[in-house]
There are 2 protein chains.
Amino acid sequence: MLITVDPTSAVPLFDQIATAVRIAVVRGEVAAGERLPSARELADSLDLNVHTVLHAYRTLREEGLLEVRRGRGATIATGAGRDYQDLRAALDTLLAEGDRLGLTRQALTGLLTHEETR
Amino acid sequence: MLITVDPTSAVPLFDQIATAVRIAVVRGEVAAGERLPSARELADSLDLNVHTVLHAYRTLREEGLLEVRRGRGATIATGAGRDYQDLRAALDTLLAEGDRLGLTRQALTGLLTHEETR
DNA sequence: CAAGTTGTTCTAGTTCAGCTAGAACAATAG
DNA sequence: CTATTGTTCTAGCTGAACTAGAACAACTTG
């Protein structure tokens, strides 16, 4: 699983890490039970602080996507290996629609966050 | 057009205002040329600073959704009256998919922001 | 058991976006 | 001309994000 980070982005670093993991899961690039690099390792390779990586891991655990325990490290949660075909299709469709209408990503995420299903 | 704001939300206030306008446009609740309340008015009614509202208006203008000029105020841009049927459908589908998979809004917006079309 | 690994918790300091506040100013409407 | 409305500028405040270092608890491994 490739995890990269853009320090110049407005998106918080811990969020970028969390998203990188989510993407890997959605793409099926990681299987349930698979182990992530330790926080200290990943922090070193990304040139970040350990706490930032741990923040990301904590976030993912709260979402039920990771199992995190001391001594063991972080592993992809059982039950994370769902069928994400429809989700990916929905994402692609929405992105295409956004592009067609000339909407920014900010606008799209805003709509997604506040819009209620009708 | 109803514009409300949640001061306790993690979403920036100017962003909430911008999103409220976007939603109104997407829902077809406002027509092109329609005038928004003046920044000072809206700021008063929302109990916010004028600059915060102006920040939202500026953002929307940069997206091409608003025409903003001093003395005149802000009006919905010509060309904003597009067909948003497909967009709304795409939004609903994605939200439904996210719910089905138990994904948080944060996770969804993260995927939307970083995911590249394949 | 002993040692090393890894997450947890705590304190502490820095930076920056967002928000507020006030004022002067320019463009537009009436 | 006068009122309205956005633009620009300065200034200060706050909280989230990030960094840093340390002590500690749970787990793995030899």
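Q: Which residues have the most contacts inside the largest nonpolar core?
A: A nonpolar core is a set of buried Ala, Val, Leu, Ile, Met, Phe, Trp, Tyr and Cys residues joined through side-chain atoms within 4.5 Å, where buried means under 20% relative accessible area, exposed over 50%, and partly exposed in between, with a 1.4 Å probe and protein chains only. Here the largest such core has 76 residues, and A:L87 and B:L87 are those with the most contacts inside it. This is a predicted model, in which local features need pLDDT of at least 70 and side-chain atom pairs count only at pLDDT 80 or more, while totals for chains, interfaces and linings use all residues. Residues are numbered from 1 along each chain as its sequence is written, chains are lettered from A and ligands numbered from 1 in the order in which they are written, and side-chain values use heavy atoms, with hydrogens and water left out.

Q: What does A:L87 touch, not counting residues up to four places away in sequence?
A: Contact means heavy atoms within 4.5 Å. By that rule A:L87 touches A:V26 in its own chain, and from chain B it touches B:L94, B:E97, B:G98, B:L101, B:L103, B:L108 and B:L111.

Q: How many helices and strands does chain A have?
A: Helices (H or I, at least four residues) and strands (E, at least two) are DSSP runs, numbered from the N terminus. Chain A has 5 helices and 2 strands, and from the N terminus on they follow the order α-α-α-β-β-α-α. Of the 118 residues of this chain, 43% count as buried.

Q: Which residues come nearest to DNA strand C?
A: A residue is near a strand if one of its heavy atoms lies within 4 Å of it. Of the 25 residues around DNA strand C, those that come nearest are A:R40, A:R61, B:L13, B:H51 and B:T52. Sugar and phosphate make up 62% of the atoms of DNA strand C that come within 4 Å of the protein. The largest share of the surface near this strand, 4 residues, is supplied by α3(A).

Q: Which atom of DNA strand C is 2.7 Å from the side chain of A:R61?
A: A polar contact is a pair of N or O atoms within 3.5 Å. An N or O atom in the side chain of A:R61 is 2.7 Å from a phosphate oxygen of DNA strand C, whereas a backbone N or O atom of A:G71 lies 2.9 Å from a base oxygen of that strand. From chain B, a polar side-chain atom of B:R70 lies 3.1 Å from a sugar or linking oxygen of DNA strand C.

Q: Which residues come nearest to DNA strand D?
A: Among the 23 residues around DNA strand D, A:L13, A:H51, A:T52, B:R40 and B:R61 come nearest. A phosphate oxygen of DNA strand D is 2.5 Å from a polar side-chain atom of A:T52, and a backbone N or O atom of A:N49 lies 3.2 Å from a phosphate oxygen of the strand. The side chain of B:R70 has an N or O atom 3.3 Å from a base nitrogen of DNA strand D.

Q: Where does A:D47 lie in chain A?
A: A:D47 lies in the loop between α2 and α3 of chain A, and its phi is near 60°, a positive value in a residue other than glycine. A:D47 is exposed, with a relative accessible area of 69%. In chain B, B:D47 is found in the loop between α2 and α3 and has a positive phi of about 60° although it is not a glycine. B:D47 counts as exposed at 70% relative accessibility.

Definitions and conventions:
A polar contact is a pair of N or O atoms within 3.5 Å; within protein, one must be able to donate a hydrogen and the other to accept it, and residues adjacent in sequence count only if both atoms are side-chain atoms.
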